[in-house]
Amino acid sequence: MKLADVVKNVKYELLSGSLENEVKAITIDSRKASEGTLFVAIEGFTVDGHRFIPSAVKSGAAAVICSKAPSEYAGSAAYIKVENPRVALAGCCKNFFGNPSSDMNIIGVTGTNGKTSTTYFLEEILKENGRKTGVIGTVEIRADGEKLNYKLSTSTTPDTIELNTILCDMTERGCSDVAMEVSSHGLQLYKVDGVEFNVGIFTNLTQDHLDLHGTMENYLQAKARLFKMCRIGVLNADDSYFQRMKELADCEIITYGIENDCDIKAVNIEYKPDRVLFDILYKGESYHVNLVIPGKFSVYNALSAVGGALCSGVPMETIVTALGNIKGVPGRIQNVAAGRDFNVFVDYAHTPDGVLNIINAVRAFTKGRVITVFGCGGDRDRTKRPIMGEISARLSDYSIITSDNPRTEEPMAIIKEVEAGVKPVTDKYEILVSRRDAIFRAIEMAKAGDSVIIAGKGHEDYEIFKDKTIHFDDAEVAREALGTIKA
């Protein structure tokens, strides 16, 4: 494709070279530059891509997009200056990959918690409606139920180039619909610019990622970008940020909830240890749902998926049937203690609200004690650590503070910040730096009627340290611990 076609509708200034240069690939990594590559120099948080322009050109790059004019224009590459290379990258990818999202119903799901479950629910609903569906999210990427083996640079929202590559792949596989998690990082860094969202879903907004956004208002503004990009927004009417999100949205709005007036409402809710039963009121009709994932938050996740499906033209009868077929979501309130007289749940809860929700959900059906194992990730929002500690101390009968992907930080330093929230509330806690030891200890403590919650990592099968990444799966370790105890 000619460079002129790649940069069509992108605001730029041609500094040097020709727009007739042929572009065969796009990259933001100079090490991947080769003959015919368009290299986009991104000024990142730690590394400035402008430093690597000479290297990309030396490797044969046909063109360079930058925000700072280089001191010299080497080779035959075309040099293009733009105000924001990330925005320009999105526009270039849309052109280069042929705007794959225009051929599909794209449903974007954003919020602090519930994104993964909502996309899983949507996949099941759309499949029930006879549609081939793609899913892009934290756990994995799937097309029509088949896992696609993409090694992504980020865990939730792929970068712009990866995302367009995936959407092209899904189009070729015949997918008509895509349910994708859209993180605040992805929105703030323009990764999803150029994607033609039909539906946007807002699950909730609670404290997280303040290391990137600084304030909750900035966090909100990042999330709100999705509702300036979609045709219709599905918003949680019970969330404390609902009204602000509605004000910021630039699309048609449909609402869901439990407490407040809304378009899609859950009533007559019955919480059970292995499921939740409720009725959905929609346009004067009532529809009964039997969902085998317990907890109030599961009701909210189901309602958000119902909204997304309705906006995608799926009949309510089909939606209800599909919700009844859902077996669970990996690492989301996943009970791994089959056949025992106590429960052991693995859950991805890694935010204050997530920890609060999972403990409250489990508390609702637990006759004995609630024992919570959790930690906080390193190199992430430090302000939430004592908050999560306080919540666990207040709502659990016993807390075990441990490691959770400490990354470059010292595990005990993180734990001490968590303990600062626990200590003023209760003395019923202990510290075990080894996550494996913490899980074994909690399960050894459990008696009939108790529930153990292992929170923070959910579906993850690794643990990240300063000098290494090891295999670690909470569910695997829990099952191993259960195997050492007589049933």
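User: Before looking at details, how many helices and strands does the protein chain have?

Analyst: The protein chain has 16 helices and 24 strands, and the model in front of you is a predicted one. A useful next step is to consider overall dimensions: the radius of gyration of the protein chain is 24 Å, close to the 23 Å that the globule rule gives for 487 residues, so the chain is as compact as a globular protein of that length. Along its principal axes, the C-alpha trace spans about 75 × 55 × 40 Å.

User: How should I read a sheet, and in what order do the eleven strands stand?

Analyst: The general idea is that strands of a sheet pair through backbone hydrogen bonds, either parallel or antiparallel. In this structure, eleven strands form an open sheet with mixed pairing, and their order is β9-β8-β7-β10-β6-β11-β12-β13-β14-β15-β16. The strands at the edges are β9 (146-148) and β16 (285-291), each of which has a single partner strand, so one side of each is left without a neighbour in the sheet. From one strand to the next, the twist averages 20°.

User: In which sense do strands β11 and β12 pair, parallel or antiparallel?

Analyst: Strand β11 (residues 197-202) and strand β12 (residues 230-236) pair in the parallel sense, over five bridges. To find the pair in the structure, you can look for F197, which stands opposite C230 in β12.

User: Which strands of this sheet does helix α5 touch?

Analyst: Helix α5 (residues 160-172) packs on the sheet and touches β6 (105-110), β7 (133-136), β8 (141-143), β9 and β10 (177-181), while its direction makes about 160° with that of β7.

User: Now for helices: at what angle do α4 and α11 pack, and how do I read it?

Analyst: To read such a pair, take the angle and the distance between the axes together, and then look at the residues in contact. Helix α4 (residues 115-128) and helix α11 (residues 316-325) pack at an angle of about 125°, with their axes 8 Å apart, and this angle makes α4 oblique to α11. The crossing in which α4 passes α11 is right-handed. On the α4 side the residues are F121, E124, I125 and E128, and they meet T318, I319, T321, A322, L323 and N325 in α11. Sorted by character, the residues of this contact of α4 with α11 divide into five nonpolar, three polar and two charged.

User: There is also a sheet of six strands; which strands stand at its edges?

Analyst: These six strands form an open sheet in the order β17-β18-β22-β19-β20-β21, again with mixed pairing. The edges are held by β17 (334-335) and β21 (429-431), each with a single partner strand, so one side of each is left without a neighbour in the sheet. Within the sheet, strand β18 (residues 343-347) and strand β22 (residues 451-455) pair in the parallel sense over five bridges, and V346 stands opposite I454 in β22.

User: Which strands do α14 and α15 touch where they pack on this sheet?

Analyst: Helix α14 touches β19 (370-374), β20 (398-401) and β21, and its direction makes about 170° with that of β21. Helix α15 (residues 435-445) touches β18, β19, β20, β21 and β22, and its direction makes about 160° with that of β20.

User: Which residues of α13 and α14 meet, and how do the two helices cross?

Analyst: Helix α13 (residues 384-395) and helix α14 (residues 411-422) pack at an angle of about 50°, with their axes 6 Å apart, and they are therefore oblique to each other. Helix α13 passes α14 in a right-handed crossing. Here R385, P386, G389, E390 and A393 in α13 meet I414, E417, V418, G421 and V422 in α14, and the residues of the contact divide into five nonpolar, two polar and three charged.

User: What is the character of the residues where α15 meets α16?

Analyst: Start with the geometry: α15 and helix α16 (residues 474-483) pack at an angle of about 45°, with their axes 9 Å apart, and are therefore oblique to each other. Their crossing is right-handed. In the contact, R435, R436, I439, F440 and I443 in α15 meet D474, V477, A478, E480, A481 and L482 in α16; these residues divide into seven nonpolar, no polar and four charged.

Conventions: Residues are numbered from 1 along each chain as its sequence is written. This is a predicted model: local features need pLDDT of at least 70, side-chain atom pairs count only at pLDDT 80 or more; totals for chains, interfaces and linings use all residues. Side-chain values use heavy atoms; hydrogens and water are left out. Axes are lines fitted to C-alpha atoms, for helices over the stretch in contact, and angles run from 0 to 180 degrees between N-to-C directions. Helices (H or I, at least four residues) and strands (E, at least two) are DSSP runs, numbered from the N terminus. Angles under 35 degrees count as roughly parallel, over 145 as roughly antiparallel, 65 to 115 as roughly perpendicular and the rest as oblique. A crossing is left-handed if the near helix is turned anticlockwise from the far one by less than a right angle, and right-handed if clockwise. Contact means heavy atoms within 4.5 Å. Ala, Val, Leu, Ile, Met, Phe, Trp, Tyr, Cys and Pro count as nonpolar, Asp, Glu, Lys and Arg as charged, and the others, Gly among them, as polar. Two strands pair if DSSP finds at least two bridges between them. The radius of gyration is taken over C-alpha atoms; the globule rule is 2.2 Å times the number of residues to the power 0.38.
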